[in-house]
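Subject: Structure handover

Hello,

I am passing on the structure we talked about, and below it you will find my notes on what came out of it. Please read them with the structure open beside you.

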There are 2 protein chains.
Amino acid sequence: MINLFHNIEGKNQEKLLYTLEATRLKFSKNEYILDKITEKNIVGLVITGSLQIIKTDYSGNRTIIDELKPADIFGSDISPLRGNEYEIFTKEESVIYIIDFDSILNLSLDRHYHQQFMKNLLEIMNEKMKMKNERIEILTKKSIRNKLLEYFNIESNNVGKREFILPFNFTELADFLAIDRSAMSREIKYLKEDGLIVVKGKRITLLYDKY
Amino acid sequence: MINLFHNIEGKNQEKLLYTLEATRLKFSKNEYILDKITEKNIVGLVITGSLQIIKTDYSGNRTIIDELKPADIFGSDISPLRGNEYEIFTKEESVIYIIDFDSILNLSLDRHYHQQFMKNLLEIMNEKMKMKNERIEILTKKSIRNKLLEYFNIESNNVGKREFILPFNFTELADFLAIDRSAMSREIKYLKEDGLIVVKGKRITLLYDKY
DNA sequence: TACATTTTGTTGCAAATGCAACACATAATT
DNA sequence: AATTATGTGTTGCATTTGCAACAAAATGTA
């Protein structure tokens with residue numbers, strides 16, 4: 001996964017952040033990230049740590065909208081923060097930068113590292129788009145079983161093995177797949193009984209041939 | 001919705017397409033778009049007409065993955081064409097360009113219109129990202145009723161009125177929401193009976209107050 | 001206009017799912 | 001180490017949903 005500063009040396013990174021008038025913020029674990037970041041046209045950039053964008057609807061259902069890792073960007077429709085139904089939490093101590101999206105769009109690309117920055121941004125967005133497409137593919141499956149299998153296939157393909165480690169706990173996985181946790185638990189039991197998967201903690205092994 | 005050639009005059013558009021080694025293709029209505037476009041790292045650019053990306057899974061469920069209008073781009077993870085489960089059809093006579101994604105990434109931004117092109121591309125991707133986020137929000141609703149209401153709210157917000165025209169027929173809408181068409185039809189009947197909406201052909205009117 | 005194709009509305013029914021409630025296990029905090 | 005909080009597995013049950021099948025309506029085409 002490409003970094004926003006890929007092929008940009010430290011000195012130029014600083015210049016860039018200065019030109020973009022980026023603001024550096026540091027948060028401790030499980031901290032709620034404030035409203036100033038939720039303004040439109042503001043881009044957050046994760047430097048270290050990790051964050052989650054959570055949506056809680058009126059009936060209390062929590063959904064993980066996005067998982068943010070270093071070099072990930074969020075806000076300004078890249079990841080949605082629209083309205084105040086969205087909350088961002090740090091999962092661990094994290095450092096982020098805040099940049100105005102317009103200042104990125106208006107970045108004059110006369111310097112090589114400006115241009116490199118733009119390319120990196122495009123590639124990251126492309127990567128994010130791919131993840132969203134994958135999520136949509138999972139969510140369009142009509143049964144819990146098929147959602148799980150689609151998700152497992154994607155994870156397995158990503159590591160190139162039949163065995164992979166869940167990046168979630170099971171409660172979060174149910175949120176991600178937008179299904180009831182207990183119903184998911186039941187279905188995973190059936191998948192095990194049918195000899196399709198082996199589950200050991202967060203380690204999943206697929207026993208079937210992918211078509 | 002911004003156009004890929006926004007603020008780039010006709011002469012420079014041609015130069016740009018030449019520099020990017022873009023290939024022009026023309027298709028008639030309901031035409032299946034060939035495999036050459038489905039290669040990875042290829043970007044399609046819709047000039048005129050409209051297209052749909054359809055996925056049909058092994059059990060025959062069709063899902064509209066994306067709707068493409070002029071200035072929309074597709075392929076290379078921007079809209080997924082991975083594998084051969086995806087099909088693209090023109091919905092009307094359409095002209096598209098095919099561009100190698102790498103040639104975009106390596107575009108030297110020494111000319112003003114190159115830079116403008118890059119900005120436009122970023123904005124389009126941002127817009128596409130927003131649409132995918134909206135779709136994810138809809139799909140994460142757990143009931144057909146809530147999926148419909150979420151979708152109606154988004155459409156209504158987009159036009160800024162309680163009344164809007166569906167961009168789909170009902171069969172396609174069910175595909176888009178990833179629900180059974182007849183079950184959707186039943187739920188729409190209940191929504192009408194409950195006095196929440198009025199449906200006249202493709203014209204939907206919301207009768208409730210959005211929170 | 002007549003015919004063929006596609007879309008829509010409806011319904012019965014079986015299967016899948018969400019929900020609630022609970023005990024147990026695991027992890028975090030003091 | 002003790003206590004608290006969080007995550008997991010399980011089950012009964014009511015509700016929702018998908019599926020199949022069909023007629024009526026709308027649309028497209030010869």
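In what order do the four strands of the open sheet in chain A lie, and in which sense do they pair? The order is β1-β7-β2-β5, and the pairing is antiparallel. Before going further, please keep in mind that this is a predicted model. In this open sheet, β1 (23-27) and β5 (73-74) of chain A stand at the edges, and because each has a single partner strand, one side of each is left without a neighbour in the sheet. Between β2 (residues 42-48) and β7 (residues 94-100) of chain A there are six bridges, again in the antiparallel sense, and if you would like one pair to look for, Val43(A) has Ile99(A) of β7(A) as its bridge partner.

Chain B offers a smaller example for practice, since β9 (residues 197-200) and β10 (residues 203-206) of chain B run antiparallel and are joined by four bridges. One of the paired residues is Lys200(B), whose bridge partner in β10(B) is Arg203(B). The two strands form a hairpin with two residues between them, and in the turn Gly201(B) has a positive phi of about 60°.

Next come the helices. Two packed helices are described by the angle between their axes and the distance between the axes. In chain A, helix α3 (residues 112-139) packs against α4(A) at an angle of about 150°, and their axes are 8 Å apart. Because angles over 145 degrees count as roughly antiparallel, α3(A) is roughly antiparallel to α4(A). From α3(A), the residues making this contact are Glu134(A), Glu137(A) and Ile138(A), while α4(A) brings Lys147(A), Glu150(A), Tyr151(A) and Ile154(A). Sorted by class, the contact of α3(A) with α4(A) holds three nonpolar and four charged residues, with no polar ones.

How do the α3 helices of the two chains lie relative to each other, roughly parallel or roughly antiparallel? The axes of α3(A) and α3(B) (residues 112-139 of chain B) come within 10 Å and cross at roughly 20°, and the two helices are therefore roughly parallel to each other. The crossing in which α3(A) passes α3(B) is left-handed. Among the residues that make the contact are Met118(A), Leu121(A), Leu122(A) and Met125(A) of α3(A), and Met118(B), Leu121(B), Leu122(B) and Met125(B) of α3(B). By class, the contact of α3(A) with α3(B) has 14 nonpolar and six charged residues, and no polar ones.

Finally, there are the two DNA strands, which I take in turn. Around DNA strand C there are 16 residues, of which Ser143(A), Asp180(A), Asn169(B), Phe170(B) and Ser182(B) come nearest. At least two residues of this surface are supplied by each of α4 (144-159) and α6 (181-193) of chain A and α5 (170-177) and α6 (181-193) of chain B, and α6(B) gives the most, with four residues. The surface near DNA strand C divides into four nonpolar, six polar and six charged residues.

Around DNA strand D there are likewise 16 residues, and here Phe170(A), Ser182(A), Ser185(A), Ser143(B) and Asp180(B) come nearest. In this case α5 (170-177) and α6 of chain A, together with α4 (144-159) and α6 of chain B, each supply at least two residues, and the largest share, four residues, comes from α6(A). The residues of the surface near DNA strand D divide into four nonpolar, six polar and six charged.

With best wishes

Definitions and conventions:
Residues numbered from 1 in each chain as written. Chains lettered and ligands numbered in written order. Predicted model: local features only at pLDDT ≥ 70, side-chain atom pairs only at ≥ 80, totals over all residues. Near = placed C-beta within 6 Å. Nonpolar A, V, L, I, M, F, W, Y, C, P; charged D, E, K, R; others polar. Pairing = 2+ DSSP bridges. Axes fitted to C-alpha atoms, helices over the stretch in contact; angles between N-to-C directions. Parallel < 35°, antiparallel > 145°, perpendicular 65-115°, else oblique. Contact = placed C-beta atoms within 7 Å. Left-handed = near helix turned anticlockwise from the far one by under 90°.
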